[in-house]
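The following account leads through a structure in running paragraphs. It is best read with the sequence and the coordinates at hand.

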Amino acid sequence: MIAVALPGATVEVVDETGAGDHLRATVSAPQFEGISRIDQHRLVKAAVKERFEDGTIHALSVKTEVAR
Amino acid sequence: MADPQLKEKVEELIAANPVLLFMKGTPEMPRCGFSMRVVQVLDTMDVEYGAIDVLPALQPLREVTTEISDWQTFPQLYVNGELLGGADIVEEMFASGELAEALGVEQPAEAPQQAAPAQSPPLQIE
């Protein structure tokens, strides 16, 4: 979902508890260039919003970096 | 739609406190692992900050911050009126020195004390 919302992004997701609902995502995307961290996270969270709303995900830790 | 009176109150608080943390619990007794992590970073920075416990009005406050900052989860750290981020962003910015810069303080030499041991994941109240 993240990769679809941010074309060209590299996404790594780690399932922290093994239950699939507490995830850690590392996202590297060219779209992050020149925007603040909070805006980078907003983009990632917007991409997975549906999964929060339907309860598939309870917690998502996000780490972002600008893809070069 | 957020409660307009609560929204006004929150906006006043953000304007009045250069460093303001919305958290679950209090700095003395955080009720969520993510909130505890931000408290630990702020304590390490030796900076004065206001803290608001969101738990008594979680849903109304969530509606307010969604309108103000397009951010639904807590903790939320505001510096000079702007949302800086939650626990992940605050820790990342602490590690890179950007947080010290945003707060206008020296980067402390010591790392924040370790959060809960690895075997107990952060508490998520919801």
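**Sheet, core and chain contact**

In chain B, strand β3 (residues 76–79) and β4(B) are joined by three bridges in the antiparallel sense. This pairing belongs to a predicted model. One residue pair illustrates it: Leu77(B) has Gly85(B) in β4(B) as its bridge partner.

The wider setting of these strands is an open sheet of four strands in chain B, ordered β2-β1-β3-β4, with mixed pairing. Its edges are held by β2 (50–53) and β4 (82–85) of chain B; each has a single partner strand, so one side of each is left without a neighbour in the sheet. On average, and with direction ignored, neighbouring strands are turned by 25° against each other. Helix α2(B) packs on this sheet, where it touches β1 (19–23) and β3 of chain B, and its direction makes about 155° with that of β1(B).

The sheet can be placed within the chain as a whole. Chain B contains five helices and four strands, and from the N terminus on its elements follow the order α-β-α-β-α-β-β-α-α. Of the 126 residues in chain B, 36% are buried. Contacts between residues distant in sequence can also be considered: among those in chain B that link residues at least 6 apart, 67% join residues at least 24 apart.

The next subject is the nonpolar interior. In soluble globular proteins, nonpolar side chains tend to be buried together. Here the largest nonpolar core comprises 33 residues, and Leu21(B), Met23(B), Val38(B), Leu84(B) and Val90(B) are those with the most contacts inside it. The element that gives the most to this core is helix α2 (residues 33–45) of chain B, with seven residues. Apart from this core lies another, of 10 residues, which includes Leu6(A), Val27(A), Ala29(A) and Val62(A). Val90(B) repays closer attention: leaving aside residues up to four places away in sequence, Val90(B) touches Val38(B), Val41(B), Leu77(B), Leu84(B), Gly85(B) and Leu99(B). Leu77(B) and Gly85(B), the bridge partners named above, are thus both among the contacts of Val90(B).

Val90(B) also leads to helix α4(B), in which Ala87(B), Ile89(B), Val90(B), Glu91(B), Met93(B) and Phe94(B) are buried. The buried residues of α4(B) pack against α2, β3, β4 and α5 (98–103) of chain B, together with α2 (37–47) of chain A. Just after α4(B), Gly97(B) adopts a positive phi of about 90°.

How many residues of each chain take part in the contact between chains A and B? On the side of chain B there are 11 residues, in contact with 12 residues of chain A. Both β4 and α4 (87–96) of chain B supply at least two residues of the side of chain B that touches chain A, and α4(B) contributes the largest share, four residues. By class, this side of chain B has five nonpolar, two polar and four charged residues.

Within this contact, α2(A) and α4(B) pack at an angle of about 145°, and their axes are 10 Å apart. Their crossing is right-handed. Arg37(A), Ile38(A) and His41(A) in α2(A) meet Ile89(B), Glu92(B) and Met93(B) in α4(B). By class, this contact between the two helices has three nonpolar, one polar and two charged residues. Ile89(B) and Met93(B), which meet α2(A), are also among the buried residues of α4(B).

Note on methods
Residues numbered from 1 in each chain as written. Chains lettered and ligands numbered in written order. Predicted model: local features only at pLDDT ≥ 70, side-chain atom pairs only at ≥ 80, totals over all residues. Core = buried A, V, L, I, M, F, W, Y, C linked by C-beta atoms within 7 Å. Buried ≥ 20, exposed ≤ 12 C-beta atoms within 10 Å, placed from the backbone. Contact = placed C-beta atoms within 7 Å. Pairing = 2+ DSSP bridges. Axes fitted to C-alpha atoms, helices over the stretch in contact; angles between N-to-C directions. Nonpolar A, V, L, I, M, F, W, Y, C, P; charged D, E, K, R; others polar. Left-handed = near helix turned anticlockwise from the far one by under 90°.
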